[in-house]
Structures are given as structure tokens and as C-alpha cells.
Amino acid sequence: MPRFQRKIIYRALLCGLFAGTAGGALAQDAPVTDEDSTVTYPATFFSQFEPFSVNDMLDRIPGINIARGGGGGGGGPGSSGGNNRRGLGMGGDQVLINGRRIAGKENEGSSQLARIPASQVDYIEIIRGTSGDLDVRGGAQVINIVLLEAETRSSITYEVNTDHYHDDSLKPGAKIAWSGSSGGFDYLISGETEPRYEHRIGHETSILGDGSPNERIKRVSTREAQPMVLSSNLAWQVGDADLFHLNLQYEDDSAPEVANRDILNTKYDPPLVDLELDVLDETEQFWEVGGDYEHIFSGGQRWKTLFIVNRGDSHSLRDRYLLELNSDERTRDLHLDFANTYQERILRSGYTFDFASSQSLELGVERAQTILDSNLQLDLLPDGGTVLTRVSTADATVEEIRYESFAVHNWQINDRMSLESTLIFEQSEISQSGDVSKSRDFEFLRPKVDYRFDITPTVQFRATIEKDVAQLSFSDFTANTSEGDDDQDALAGNPDLRQEQSWRYDANLEYRFHDDNGVLNTNIFYHELIDVIDRVDVSTPDTIQSANGNIGDGERFGVALDGSYRFTSVGESQILLESGLRVEDSNVVDPFLGIDRRFSRQGRGEARVGFRHDFPARNFNYGFSWSHNFRDGRIAYDIDKIESYNSGDWVRLFAETQGWAELIYRLEVFNPMENKRCRVRSRYLGGTIATGYLSEIEDSCSHTGPTIAIKIRGTI
């Protein structure tokens, strides 16, 4: 990026973090902050923007990135957040619909935001305090979408789109959602199919360890993918005391890929040319059923039970061919067949009651069963051979049965302070059969304290201390495939893997401007990691190889600044400026070199800027988002190679207007600067990276080019 562009972006970043003057929103539409630090945005606040979905409404709220889980040091190594969290837990998705969480992992509240039409929303709450009435705990903030109460309401939203890629491919997509209410029955049924096409062009130059030239490679890959997702969310309100939810989701995805590699061997004069072709086919099917039942007793006590059952089946085939120059002949020298089935069955039940007027207590239990069935077959062409030979097979079944007992105490100390204390006791058994037979038992005690202090109505201090346990990736227990290295056929497994744990200390100071026109948030975090997972030595007498394993303890720390401001007196328009800056570091002892280093592929931080300009009177808006990862921090160490990753700046541009037939026409441009994904890989032979010698340095970059999307949205 040119220097003058960087100056403009960094100045915008500073303006977003420290802006302090602007007009206020219209009084009748202004958001309201109540005594519980909850900010309420009525639907009338958004009506001037003619929003299409809940996502469009949230995009107009300053500081929404914080409520959506950004703006801090959350996640990262040792955490149990996201779709891969352990069981259902009290955290997870920080989005509620009508004050209730959606029992699901893939089918959570955040996945509904683009499907719920804005016309059905009564108001949106940004909950900044803690309460025993919340269905989720542990988030800095919670988003609650409250829908209109009506005896009967119904609407259909739809979107059609076409994406244009840099190889001139055109790929269509479509979404449709039917939502409404009838009596005490609410429903949201949706289907979508979106293009995930990728045409990637890459170049690599390699030199030998002595600095002499080795190879130049051009790699062109095309990946066809168009996943289909069907989902439904159903709710029944029976009287004033009973509420049922049932959530269903089905996904079907096929992603065939073809990769051509032209290899110019520059060790010879004249150079030799080798041609390779990789043919890959990945298929995946996933379904999930989740639900909950809640009963409210006459005294206000609540009993709630949630469940999830899901299953994912995936199958991956890879065939590599050696091609003849100026000929149609080809020789297959590798066949890799990998399949696995992943299943979860989770049941959670809790009872909540109030006591001492300002305190509440929730007691409950959770049982979770997780199963992975995995099978891998590897065939190679021996030197001088003409027929592929089976060189390895791996079969494994890994199962974890986990029981969790929990207690959550919520105490509203006074009008300005609250304290929430959590204690979780977890017992689990992980058993493995197949190539390895093994069973292990684990016990974890996981306390958490969440303190909040409203220093003034606009300034809030939050502090949390938490012991967390990350969910293991069961595919690490057995041999699996490698997608990041064309020269590596498969990765070894490690049946001795233990859960990564962390003690997490976070402190937040948040300032909200007048009329909630802006938010400034500072987060300082320090995380102590136990049993960090990274590559370890599992070599045999014949083969040097590694697998994911526990390498010891480490630490991660940093600071994150987030700022946003809404300028509302700019003629007849409004400007929303957002920015963020995160700086972090980490430390762990490398098992191969014995040196202190960062966690693998954990960088130094990032900067980002978002800009939106709305013209309500003209039903038009445009904007951009930009993000930049600090360079030279994402390094990965393996037994025989060291890799350093860097990528260019990511940019998204958009423009949207409402036109003919009250349809919304939207133009989006992704990656207009063609940011490159680069990697420098140093390979070692004759031992490990500590005992061997440097044999080759590969310097490669690739890009997917810009994507232009045209979308048309409507509501019936």
C-alpha cells in the first residue's frame, strides 16, 4: 500500500478512537440507557435508514463490535469459545432472541441476524450488566433482539446475488427466509446457497541451503464450492409459564478442487520442467437438532433444560499426477483417502431462583458425549514402480463422555456494582480404539469472577478472572491430512494429547458518549496457558515426524483499543466511524530449539477501520472496512521446518440504495487491492530444526484477486 494511503487510514483510526464532537440523534429516536446499564435502541431509531434485516440495524450501532465479541483479548489459545467450545456452557453466542438463547452451535442466535427482517423488530438491547435472568453468561456485553408482539404476523425476505471473480467466473446465490407469529407460535424457516468459489494464483521461488537456486513454481488452483444450508427455529409459548424451542439445521457441501503446478528446476542448465496435477474432492454433510424447555414457577423461579444432537460426515480424496510435457499421459503417484464422522450429544439442565432481594443462584448439570470415527489410507508410487502401493492406514474411534456440575451466583451489590461468581466441576473420560487402545480420566475445577462497576452513567469498569479449558480437536488423536504443504502427505496423531487450559485475567474500561453516539473501550488482558498445544516429536527409528502435543506452559498478554462515533449533523447525512487497535505478545518454550518464542501463528496484533455514510432522505449508503495484521509475527515451528506467514491488507467496499419496487440493490467489492497471502518456509534435513542442516528456503505468495458481488433484496 502506498505511504500516503497508510497515513490516511491511520489518521482515520486515531479519529475513530478519540473523536469527541458531533451532533445528537433525534430526541424521539435516541437510544436510552437504563439504571441496569442496558442500552435500548427502539425500532424507530432505525426507520430512517430503511434497514432490511437485523444485521442492517446492528451495523448502525456504535460499538457493536464489542457486543459481538470483538474489542478484546478474548478467544485465542486455551479458550473454549466459538462453535468448538466444550458442550453448551453458559457462554457461547452472546445473542438472544426475545431474551432467550438458541440451543445450537452452528444454528445459534448470530446466524439468525441476517434472516430476521427489520420490520419485525420492536427494539434492540445492548446489555452491559449481569443478571441471573440472562440465558448466557460471561460475555462483556449481550445483544437481545426483541420482536414485535402481535397475534399474527408474517413476512418473507429474499436475496439473489451474483459474484464475479478475477478469472471472469460468475457464480449465483440466493437466500430466502419466512418468519412470523401466530398466537403463541413463532417461526423462522430459511434456506440459502452461497458461492464459495476460489481461483488462487501463486508463485514460489526456492533456494538451497547454500544460497544456490533450486526451483520456481507457479501454482494455479480452482475450488468449486456452493454450500446449501436449511434451518428452522420454532418457539411455542404455552400460557405464561412454559416455553418450548426447537431448532433444526442441515448443511450439504461439496468442494472439488484442481491444482496445477508448473515446476521449473533451476539447478540444471538448461532448467528442467516438471508438471504436477492435484485433484481433490471434499464432501461434507452436517445436521443439528437443538431445543429447550423452560418453566417459570409462581414464585419466579426458573427451570430450563437444553439439548443438542448433531452429526457431521466428511470425506476427502486427493490424487496427485505427474504429467508429461506435450502429452496427455499422466502417472498417479499419490492417493489419499480420508473420512471421518463427528457426533455430539449434549443435555443441560439448570434451576434458577432469587434470594435476599438482590441475589440469585443457578444450579445445574450437563452431560456431553463427543465421538469421532476416523479412517485414513495412503497409497504411494514406489521408486521405479508403475502401480500404487498401500504404505499406511489409520483407523480410530475417539469418544469423550463429560459431566459438568455448575453453580452461578449473581449479586447486585448496589445500584452501581454487580458481582457474578461461577464454579464448574468437570469430570470426563476420553477413550480411543482402533490403531491405539487407551482410556484416560480428567477432572477440572473452573472458577470465574465477573465484577462490574458503573463509575458514572457513561463510564463502566469490568474485570474478570476465569479458569478455562479448551475443547480438544479429536482429529489430532489419529493420523489426518495436511492442506498447507503440498509435499506432506499426512500428519501423525497423538493419543496422549491433553486439554489446553488457561487462567484469563481481563480488565475493561468503557466510555459511552452523550446519547450513545459513540463508544471508547480499552481492554487489558493477561492469560496464563497450561499444557499449550503445538508440534512435538513423535519420530520413529525410520521416520522423523511430529504431531500436535503439549509443550508446556506459556503466557499471552496485550491491550486492545476500540472506538466508534456517529456524526449525525453532516447535512442530511450521518457518518459512523469505527476503529480498533490490538497489540499483543506471547511466550512459550519451543520443544525443538529450547528458545522462548511466540505461540505458533499468533501475531503481534492488528489495526482496523470501518466507515459508513448514510443518506436517509435518499435511501442510499456506502462505506468500507479495512484491516491490517502487523507483519513478521506469525511464525510456526515444526520438527523439520520453520514457517513465517504474512498477508496484505484486507479491504471491503459497499454501496447500497433502495430503488424500483422498493427493492434494495447492493454492490460489494472484496479484496480490491488483491492482498497476498505469503509464507517463507525453511526446510531442514539430517535431523530436526535443532540438529539438522538447512536444506531449502521457499518464498511463496498467492492471491485470489477481487470479488464483485451484486445483491438484490426484498421483503414480502
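Student: What classes make up the lining of the second largest cavity?

Tutor: In this predicted model, the lining divides into five nonpolar, five polar and four charged residues. The lining has 14 residues, and those lying nearest the centre of the cavity are Phe49, Glu50, Asn619, Phe620 and Asn621. Phe counts as nonpolar, Glu as charged and Asn as polar, so each of the three classes appears among these five residues.

Student: What makes this space one of the cavities of 30 Å³ or more, and how many of them does the structure hold?

Tutor: The second largest cavity contains about 110 Å³ of space, which can be set against the limit of 30 Å³ or more that seven cavities of the structure meet. The word cavity itself applies because a 1.4 Å probe fits there but cannot get out.

Student: Which strands each supply at least two residues of that lining?

Tutor: They are strand E30 (605-615), strand E31 (620-629) and strand E34 (650-658). The largest share, three residues, is supplied by E34.

Student: Why is the contact of Tyr41 and Phe45 called an aromatic pair, and which geometry does it have?

Tutor: The search of the whole structure finds 25 aromatic pairs, and Tyr41 with Phe45 is one of them, at 5.2 Å centre to centre and with 65° between the planes. Ring centres within 6.5 Å count as a pair and planes over 60 degrees apart count as edge-to-face, so both conditions are met and the pair is edge-to-face. Tyr41 and Phe45 are both buried.

Student: How do you know which geometry Phe513 and Tyr565 have, and where do the two residues lie?

Tutor: Their ring centres are 4.7 Å apart and their planes are at 85°; because edge-to-face needs an angle over 60 degrees, this pair also receives that name. Phe513 belongs to the loop between strand E23 (501-512) and strand E24 (518-530), whereas Tyr565 belongs to strand E27 (residues 554-570), so the pair ties together parts that are 52 residues apart in sequence. Phe513 and Tyr565 are buried as well.

Student: What makes the charged end of Arg348 count as sitting over a ring, and which ring is it?

Tutor: The ring is that of Phe406, and the charged end of Arg348 is 3.9 Å from its centre. The distance part of the criterion asks for CZ of Arg within 6 Å of the ring centre, so the value of 3.9 Å satisfies it. The charged end of Arg330 likewise sits over the ring of Tyr321, at 4.2 Å from the centre of that ring.

Student: Why is E5 described as largely enclosed by the rest of the structure?

Tutor: Six of the six residues of E5 are buried, and therefore the strand is largely enclosed. Buried means under 20% relative accessible area, and both faces of E5 qualify, with Val142, Asn144 and Val146 on one side and Ile143, Ile145 and Leu147 on the other.

Student: What makes the pairing in the open sheet of five strands mixed?

Tutor: The order of the sheet is E1-E2-E4-E5-E3, and two of its pairings show the mixture. Strand E4 (residues 121-127) and strand E5 (residues 142-147) are antiparallel over six bridges, with Val121 opposite Leu147 and Ile127 opposite Val142. E3 and E5, by contrast, are parallel over three bridges, and Ile97 has Ile145 as its bridge partner.

Student: Why are E1 and E3 called edge strands?

Tutor: Strand E1 (32-33) and strand E3 (95-97) each pair on one side only.

Student: How do you know that E6 pairs with E7, and in which sense?

Tutor: At least two bridges are needed for a pair, and E6 and strand E7 (residues 170-182) have 13, in the antiparallel sense. Glu159 stands opposite Lys175 in E7. E6 also meets the criterion with strand E38 (residues 707-715), to which eight bridges join it, again antiparallel; here Thr157 stands opposite Thr715.

Student: What joins E17 to E18?

Tutor: A hairpin joins them through four residues, and the strands, E17 (residues 389-412) and E18 (residues 417-434), are antiparallel over 17 bridges. E18 in turn forms a hairpin with E19, with three residues between them, and 16 bridges join these two antiparallel strands.

Conventions
Residues numbered from 1 in each chain as written. Predicted model: local features only at pLDDT ≥ 70, side-chain atom pairs only at ≥ 80, totals over all residues. Heavy atoms only, no water. Phe/Tyr/Trp six-rings, centres within 6.5 Å; stacked < 30°, edge-to-face > 60°. Buried < 20%, exposed > 50% of the residue type's maximum accessible area, 1.4 Å probe, protein only. Lys NZ or Arg CZ within 6 Å of the ring centre and 35° of its normal. 1 Å grid on protein atoms, 1.4 Å probe; cavity = no way out; pocket = protein on both sides within 12 Å on 5 of 7 lines; lining within 4 Å. Points joined across faces, edges and corners; volume = space filled by probe spheres on them.
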